[in-house]
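Trainee: Could you take me through one part of this model closely, and then show me how a few other places look beside it? I would enjoy a connected account rather than a list.

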Amino acid sequence: MLYQRSSQLFAEAEKVIPGGVNSPVRAFKSVGGTPIFVKEAKGAYLYDEDGNKLIDYINSWGPMILGHAYEPVVNAVIEKAKLGTSFGMPTEIETKIAELAVSMVPNIDKIRFVNSGTEACMSAIRLARGFTDREKIIKFKGCYHGHSDSFLISAGSGAVTFGSPNSPGVTSGTAKDTLLATYNDLANVESILDANKGEVAAIIVEPVAGNMGCVPPAKGFLEGLRALCDKHGTLLIFDEVMTGFRLAKGGAQELFGVNADIVTFGKVIGGGLPVGAFAACNEIMNYLAPVGPVYQAGTLSGNPLAMAAGLTMLQEINKDSELFTRLEEKTAYLERGMRKVLNDNKVAYTINRVGSMISVFFDEREVVDFDTAGYGNNDTFKKFFHGLLAEGVYIAPSSYETWFITDALTYEDLDYTINAVNKIFAS
Ligand SMILES: *Cc1c(COP(=O)(O)O)cnc(C)c1O
């Protein structure tokens, strides 16, 4: 395939946009090459500026769970746009989507809409801090909760020690309030809580990690976090920006039967428009302005276009009782097919999968946390990425990302993909 026009467009973009992209994950830094410029997309396929057709396994990093340019969502947005795109005043549709979300997700009474997953997580920890009157939070190494300062903290050595910022611009003052723990390691979490008694406002976790590749919670991990939070008066925040409305109607809370105190959303909930949200029981949500003292606001929050896309998306998901079964079956089929060809070709690998989140690591060792996820970040992954791309299959340009399976994929697409994987390693 040729990427002449994409390369040209990228060169032009680089002159006026840092790195030519508006979000770093779009760059091909870890795999090499230049990013592909998309012209349009429909269903499971991307069409780029050079006229190539690509089977899409990223789907805008999650939102397009029903496929690109999904007609009911597109139509809802078009109709809403004609009536005005933002008022900065309340609209009925905000209540409608809130009612539907509250009815689908376990254990929440109220929800507030924002413009991104980043905003949702940032606001959730402010709310947790205000509610508990405590300052520290625990996050897990390798979990991503958006780019707000408190979350851009990487591990030092011991997780009990204070984190150090992993981006210039994050102050050490902010970093000292973020304590780092190891995913799937309850003893580690417990020791951090014990060392910081009465000081930890919240533990924030991706209930299925998707930002170090797909890393499922070990059996008992989420239940253990729940118990530790209860014991220490700490709030448990499930960051369901990726898992919400993807793993089940009620997200990971429903799938694993574990309740969080605050849940954050993004991606699917916006149907492809910029939407995030955070939700909790009345007691916690009423701590938020204008009812309570914790301030949070947004000029475009809950704007009619975003709400029309999100509401339509949630309605479609809510009425389709077979959706999550189909997604599970399609992704399991892809997993089986890839396992077979990777085994046949004697490739060292690990595949992790929960529902429609799946990732391939090129190392045979189990991947359970950030350090083990690093094993698969290697040359085989680059070969895999570029090999798939050459066959017209687009996966995330980093081994630290999950694939987002869309219901628009057909079994022919999946067979084609499995065959493409075989070609890469048979040669
Ligand atoms: C994508 C993501 C975010 C950030 O959402 P944005 O809309 O990109 O700000 C936060 N948490 C998780 C788990 C995510 O996957």
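**A close look at Ser-356**

Mentor: Let us start with Ser-356, which is buried, with a relative accessible area of 1%. Please keep in mind throughout that this is a predicted model. Ser-356 sits in the loop that links strand S13 (350–354) with strand S14 (357–361). Its value of 1% falls under the 20% limit, and therefore Ser-356 counts as buried. What does the side chain of Ser-356 reach in a polar contact? Its partner is the side chain of Arg-246, at 2.9 Å. If you set aside the neighbours within four places in sequence, the residues in contact with Ser-356 are Arg-246, Leu-247, Leu-327, Thr-331, Trp-403, Phe-404 and Ile-405. Arg-246 thus appears in the contact list and also as the partner in the side-chain polar contact.

Another buried residue makes a good companion. Thr-178 belongs to strand S8 (residues 178–181), and its relative accessibility of 0% makes it buried. The side chain of Thr-178 comes to 2.8 Å from the backbone oxygen of Ser-150. For Ser-356, by contrast, the polar contact joins two side chains.

Now turn to Asp-344 in helix H11 (residues 323–344). With a relative accessible area of 46%, Asp-344 is partly exposed. Its side chain makes a polar contact of 2.7 Å with the side chain of Lys-340. How far apart are Asp-344 and Val-102 in space, C-alpha to C-alpha? They are 47 Å apart, with their positions 242 residues apart in sequence.

Next comes the ligand. Its shell consists of Ser-116, Gly-117, Thr-118, Tyr-144, His-145, Gly-146, Glu-206, Asn-211, Asp-239, Val-241, Met-242 and Lys-267. By class, these residues are 3 nonpolar, 6 polar and 3 charged. Gly-117 offers a polar backbone atom 2.8 Å from an oxygen atom of the ligand. Tyr-144 places a backbone N or O atom 3.1 Å from a ligand nitrogen atom, while Asp-239 brings a polar side-chain atom to 2.6 Å from a nitrogen atom of the ligand. On its own the ligand would expose 380 Å², and the protein buries 84% of that area.

Let us finish with a sheet, where the pairing can be followed strand by strand. Strands of a sheet pair through backbone hydrogen bonds, in a parallel or an antiparallel sense. Here 4 strands form an open sheet in the order S1-S2-S3-S15, and the pairing is mixed. S1 and strand S15 (393–394) are at the edges with a single partner strand each, so each has one side without a neighbour in the sheet.

Strand S1 (residues 38–42) runs antiparallel to strand S2 (residues 45–48), and 4 bridges join them. Val-38 is placed opposite Asp-48 of S2. Between S1 and S2 the hairpin has 2 residues, and Gly-43 in the turn shows a positive phi of about 60°.

S2 also pairs with strand S3 (residues 53–56), again antiparallel, over 3 bridges. Tyr-47 has Lys-53 of S3 as its bridge partner. The hairpin of S2 and S3 has 4 residues between the strands, and there Gly-51 has a positive phi near 90°. Finally, S3 and S15 are parallel and share 2 bridges, with Tyr-394 in S15 as the bridge partner of Asp-56.

Notes: Residues numbered from 1 in each chain as written. Predicted model: local features only at pLDDT ≥ 70, side-chain atom pairs only at ≥ 80, totals over all residues. Heavy atoms only, no water. Pairing = 2+ DSSP bridges. Near = heavy atom within 4 Å. Polar contact = N/O pair within 3.5 Å; in protein donor to acceptor, adjacent residues only side chain to side chain. Areas by Shrake-Rupley, 256 points an atom, 1.4 Å probe, with all protein chains shown as cover. Nonpolar A, V, L, I, M, F, W, Y, C, P; charged D, E, K, R; others polar. Buried < 20%, exposed > 50% of the residue type's maximum accessible area, 1.4 Å probe, protein only. Contact = heavy atoms within 4.5 Å.
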